[in-house]
Amino acid sequence: MTMPHTIDVCAVLRSAVNQNYGNLLTRDTGMAVRHQIERELMANREGGITSLDFSSIGLMDYSCADEVVAKLLVLLQNDDLTRGGYVIFRGIGEDHLELVESVLKHHGLALVCLCEDGNPRLIGRVSEAERRAWDMVRVRGTACPADLADEFGFGEDFVAGVLDELSRRRLLRRGTSGFVALDATEQVQ
């Protein structure tokens, strides 16, 4: 196991737009931050998990949330799946949560957010079946469709479809023995 790769969004902000404060405001600022994060992700991907740390971000407006969160997720979901790469968001405080959820729902996106209590949480637009399957895998750590089918109450093919969609959206990853919950404490080899 290697140390997880973490990107401090506030440090990226200060570097990308040469400012000394931690507010994500204006679309141009968000675009500059996202481009720098994209470069760092490309250098550290290859199936790894990257933690994007928002804990030092002060104010954030809708245009920055759209640029930094939504457009980054769209890029990751449309990227070549064979290259892998997963992102967990952390440090999104209650004051940013409603804004981020609004942006995600507008684009039909979802993300895994590590909450203050240390537990991962799925936020954004997901179906009830996706949320339920994601929770079941998170509790188990790893699961295959046959493991969940009885508890889910639908056939194995239905569960496999739900897990495939969560994997395509990079909310779970495929492992050698099934689907694996994203965990910011380890990096996929």
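Two strands count as paired here if DSSP finds at least two bridges between them. In this predicted model, strand E7 (residues 172–175) and E8 clear that bar with four bridges, and the pairing is antiparallel. What sits between E7 and E8? Just two residues, and the two strands form a hairpin. Going across the hairpin, Arg 173 stands opposite Val 180 in E8, and Arg 174 is set against Phe 179 of that strand.

E8 (residues 178–181) has another partner in strand E6 (residues 142–143), again antiparallel, with two bridges between them. Here Thr 142 has Val 180 of E8 as its bridge partner, so to speak on the other flank from Arg 173, given that Val 180 also stands opposite that arginine. Put together, the three strands make an open sheet ordered E6-E8-E7 with antiparallel pairing. That leaves E6 and E7 as the edge strands, each pairing on one side only. Helix H7 packs on this sheet and touches E7 and E8, with its direction at about 110° to that of E7.H7 (residues 156–168) also meets a helix. How do H6 and H7 cross? The axes of helix H6 (residues 145–152) and H7 come within 8 Å and cross at roughly 115°. Angles of 65 to 115 degrees count as roughly perpendicular, and H6 and H7 are therefore described as roughly perpendicular to each other. As for handedness, H6 passes H7 in a right-handed crossing. On the H6 side, the contact is made by Pro 145, Ala 146, Leu 148, Ala 149 and Phe 152. H7 brings Glu 156, Phe 158, Val 159, Ala 160 and Leu 163 to the contact. By class, the residues of this contact come out as nine nonpolar, no polar and one charged. Glu 156 of H7 is among the contact residues, and glutamate is one of the residue types that count as charged.

The other sheet to look at is an open one of five strands, in the order E1-E2-E3-E4-E5, and its pairing is mixed. Its edge strands are strand E1 (5–8) and strand E5 (120–124), each of which pairs on one side only. With direction ignored, neighbouring strands of this sheet are turned by 35° against each other on average. At the E5 end, five bridges join strand E4 (residues 110–114) to E5, and the two run antiparallel. One of the pairings puts Leu 111 with Ile 123 of E5 as its bridge partner.

Which helices pack on the five-stranded sheet, and which strands do they touch? H2 touches E1, strand E2 (49–53) and strand E3 (86–90), and its direction makes about 170° with that of E1. Helix H5 (residues 128–140) packs on the sheet too, touching E4 and E5, with its direction at about 165° to that of E5.

Finally, the charged pairs. Side chains of opposite charge can pair when their charged atoms come close. The structure holds 10 salt bridges, one of them between Arg 27 and Asp 66, where the closest N and O atoms are 2.9 Å apart. This pair links distant parts of the chain, with the two residues 39 residues apart. Arg 27 belongs to helix H2 (residues 27–43), while Asp 66 lies in helix H3 (residues 62–78). H2 thus appears in two settings: it packs on the five-stranded sheet, and its Arg 27 takes part in the salt bridge with Asp 66 of H3.

How values were computed: Residues numbered from 1 in each chain as written. Predicted model: local features only at pLDDT ≥ 70, side-chain atom pairs only at ≥ 80, totals over all residues. Heavy atoms only, no water. Axes fitted to C-alpha atoms, helices over the stretch in contact; angles between N-to-C directions. Parallel < 35°, antiparallel > 145°, perpendicular 65-115°, else oblique. Left-handed = near helix turned anticlockwise from the far one by under 90°. Contact = heavy atoms within 4.5 Å. Salt bridge = Lys/Arg side-chain N within 4 Å of Asp/Glu carboxyl O.
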